[in-house]
Amino acid sequence: MKKIVVWPVNLAAGRTRGKGRIVPARLGLKSPKLEEIEEAARALNLEPIVEADKAYPKTHWNKSGRVLVNKVGRKGAVIRELAERIKERRVQKAKKTKRRE
């Protein structure tokens with residue numbers, strides 16, 4: 001099956017579309033992590049492959065890593081689903097930590 005490359009910058013709220021963000025600003029994430037992207041991709045059955053030593057071409061000095069996922073639709077739609085899943089997960093974690101306090 002074909003793969004899609006997902007860079008953390010594709011989900012970053014602090015980036016413009018010209019600098020690599022693919023999702024709408026309202027779905028952008030603050031500091032997306034490879035582990036979060038991998039977890040969301042597993043939840044969506046996209047069979048993720050993490051490559052932590054890779055660098056986004058526009059910021060080749062920063063080894064942010066990337067995640068390869070199965071192509072099950074358009075790249076923008078797949079990345080949007082990942083962003084939504086990560087946002088939901090962050091909200092769930094925040095609620096759990098609030099309950100503990």
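Four salt bridges emerge from a search of the whole structure, a salt bridge being a side-chain nitrogen of Lys or Arg within 4 Å of a carboxyl oxygen of Asp or Glu. The structure is a predicted model, in which local features need pLDDT of at least 70 and side-chain atom pairs count only at pLDDT 80 or more, while totals for chains, interfaces and linings use all residues. Residues are numbered from 1 along each chain as its sequence is written, and side-chain values use heavy atoms, with hydrogens and water left out.

One of the salt bridges joins Glu36 to Arg90, with the closest N and O atoms 2.8 Å apart. This pair links distant parts of the chain, as Glu36 sits in helix α1 and Arg90 in helix α2, 54 residues apart; helices (H or I, at least four residues) and strands (E, at least two) are DSSP runs numbered from the N terminus. Arg90 counts as partly exposed because its relative accessibility is 26%, where buried means under 20% relative accessible area, exposed over 50% and partly exposed in between (1.4 Å probe, protein chains only). Within helix α1, Arg42 and Glu38 lie four residues apart, about one turn of the helix, and their side chains meet in a salt bridge of 2.7 Å, N to O. Both ends are partly exposed: Arg42 has 48% relative accessibility, and Glu38 has a relative accessible area of 23%. Arg66 and Glu51 form another salt bridge, at 2.4 Å from N to O. Arg66 belongs to strand β3 and Glu51 to strand β2, so this pair ties together parts that are 15 residues apart in sequence. Both Arg66 and Glu51 are buried.

Arg21, in the loop between β1 and α1, offers a contrasting case. Arg21 is buried yet has no salt bridge, and the nearest side chain of opposite charge, Glu84, is 13 Å away (Lys and Arg count as positive, Asp and Glu as negative; His and the chain ends are not counted). The Arg21 side chain instead reaches backbone oxygens, that of Arg15 at 2.8 Å and that of Val23 at 2.6 Å. Beyond four places in sequence, Arg21 touches residues including Val9, Asn10 and Thr16, contact meaning heavy atoms within 4.5 Å.

Asn10 is found in this loop between β1 and α1 as well, and is buried, with a relative accessible area of 3%. Among the residues touched by Asn10 beyond four places in sequence are Arg21, Lys75 and Ile79. Ile79 is part of helix α2 and counts as buried because its relative accessibility is 0%. With the same sequence neighbours left aside, Ile79 touches Val6, Asn10, Leu11, Ile22 and Val23.

The largest nonpolar core (buried Ala, Val, Leu, Ile, Met, Phe, Trp, Tyr and Cys residues joined through side-chain atoms within 4.5 Å) has 18 residues, of which Val6, Leu11, Ile37, Val69 and Leu82 touch the most other members. At least two core residues come from each of β1, α1, β3 and α2, and α2 supplies the largest share, five residues. Contacts of Leu11 beyond four places in sequence include Pro32, Ile37, Ile79 and Ile86.

Finally, one aromatic pair is found in the whole structure. Trp7 and Tyr56 are arranged edge-to-face, at 5.5 Å centre to centre and with 70° between the planes. Ring centres (for Trp, of the six-membered ring) must lie within 6.5 Å, and planes under 30 degrees apart count as stacked, over 60 as edge-to-face and the rest as tilted. Both Trp7 and Tyr56 are buried.

Notes. Polar contact = N/O pair within 3.5 Å; in protein donor to acceptor, adjacent residues only side chain to side chain.
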